[in-house]
Amino acid sequence: LITTCPGINSLLLFALLAPTNCIEPVSRCVQEAANMTIQSVLARSGQTQFFDSSRLPEGAGLYIHRNVLNKADVKALAKACGVEIDKDSYHEMHVTGIYSKTAPTTTIVADLKNTGAFPVKWSIFGKDTKHLVLEVTSDKMVSRNELFVASGCKSDFASYKPHVTVVSPFKGDKSLLSRANKALAAIAVQPLLILGPEIFNELIE
């Protein structure tokens with residue numbers, strides 16, 4: 001069963017097992033499968049999701065990210081550090097797994113389980129356009145990035161630094177970093193960022 005995820009232009013290939021209570025007629029099984037939602041497909045297939053790179057348009061790349069599920073906790077942490085998250089960054093809060101202008105050369109099996117990440121420090125990324133970000137640490141995100149690269153994806157950055165963008169563009173005073181990081185270090189119990197399943201998007205520039 002090949003389907004397109006609504007709203008994100010994702011091309012996904014799902015391995016689907018036929019319903020156990022649907023043996024005959026065959027046409028009924030086909031019709032039932034056609035009416036399944038993505039959620040039910042994942043449930044019936046043991047949450048197995050594949051990215052079929054052969055279905056990408058010529059010249060397209062691949063963008064993989066995970067949404068932050070507990071955005072309110074990140075917002076509270078930012079406030080405690082004197083950082084105000086802008087509305088767009090809050091709405092789209094995520095951690096990028098790979099941003100590759102090159103399509104993978106092998107099939108990638110998506111990780112549909114939630115994972116976690118811990119805050120590390122506030123930083124400013126970007127050259128022409130600056131972005132205020134919260135760098136995080138996550139063994140899972142790092143290992144998945146290594147897998148994406150091994151699968152043929154290529155990043156414009158020399159090293160992978162998982163992070164959450166909180167202000168973009170950032171036009172504030174760089175002295176904010178020192179104050180924010182000092183406040184972050186003083187917080188004894190920092191929140192665990194809960195990251196949702198991987199989301200695959202075709203990347204066309």
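**Burial, surface and salt bridges in the predicted model**

Pro119 is buried, with a relative accessible area of 8%. The structure described here is a predicted model, and Pro119 belongs to strand E7, which spans residues 115-125. Leaving aside residues up to four places away in sequence, the contacts of Pro119 are Leu77, Leu134, Glu135, Val136, Leu184, Gln190, Pro191 and Leu193. One of these, Pro191, is separated from Pro119 by 72 residues in sequence, while the C-alpha atoms of the two prolines are 7.6 Å apart in space.

Across the protein as a whole, six helices and 10 strands are assigned. Of its 205 residues, 40% count as buried. Where contacts join residues at least 6 apart in sequence, 81% of them involve residues at least 24 apart. The protein exposes about 11,800 Å², of which carbon and sulfur atoms supply 54%.

On the surface, Leu69, Phe118, Leu192 and Ile194 make a nonpolar patch of about 350 Å². Leu192, a member of this patch, is located in the loop between helix H6 (175-186) and strand E10 (193-203). With a relative accessible area of 38%, Leu192 is partly exposed.

Side chains of opposite charge can pair when their charged atoms come close. Five salt bridges are found in the whole structure. In one of them, Arg66 pairs with Asp111, the closest N and O atoms being 2.9 Å apart. Arg66 lies in strand E4 (residues 61-68) and Asp111 in the loop between strand E6 (108-109) and E7, so this pair ties together parts that are 45 residues apart in sequence. Both partners are buried, Arg66 with a relative accessible area of 1% and Asp111 with one of 13%.

Arg66 also meets Glu198 in a salt bridge, at 3.5 Å from N to O. Distant parts of the chain are linked by this pair, since Arg66 is in strand E4 and Glu198 in strand E10, 132 residues apart. Glu198 is likewise buried, with a relative accessible area of 5%. A further salt bridge joins Glu198 to Arg144, where the closest N and O atoms are 2.7 Å apart. Here strand E10, which holds Glu198, is linked to helix H5 (residues 139-150), which holds Arg144, the two residues being 54 apart in sequence. Arg144 counts as buried at 11% relative accessibility. Through salt bridges that share partners, Arg66, Asp111, Lys140, Arg144 and Glu198 are joined into one network.

Key: Residues are numbered from 1 along each chain as its sequence is written. This is a predicted model: local features need pLDDT of at least 70, side-chain atom pairs count only at pLDDT 80 or more; totals for chains, interfaces and linings use all residues. Side-chain values use heavy atoms; hydrogens and water are left out. Helices (H or I, at least four residues) and strands (E, at least two) are DSSP runs, numbered from the N terminus. Buried means under 20% relative accessible area, exposed over 50%, partly exposed in between (1.4 Å probe, protein chains only). Contact means heavy atoms within 4.5 Å. Accessible areas come from the Shrake-Rupley method with a 1.4 Å probe; for residues, only the protein chains shown count as cover. Patches are made of residues with over 30% relative accessible area and no salt bridge: like charges are joined within 9 Å, nonpolar side chains (Val, Leu, Ile, Met, Phe, Trp, Tyr) within 5 Å. A salt bridge is a side-chain nitrogen of Lys or Arg within 4 Å of a carboxyl oxygen of Asp or Glu.
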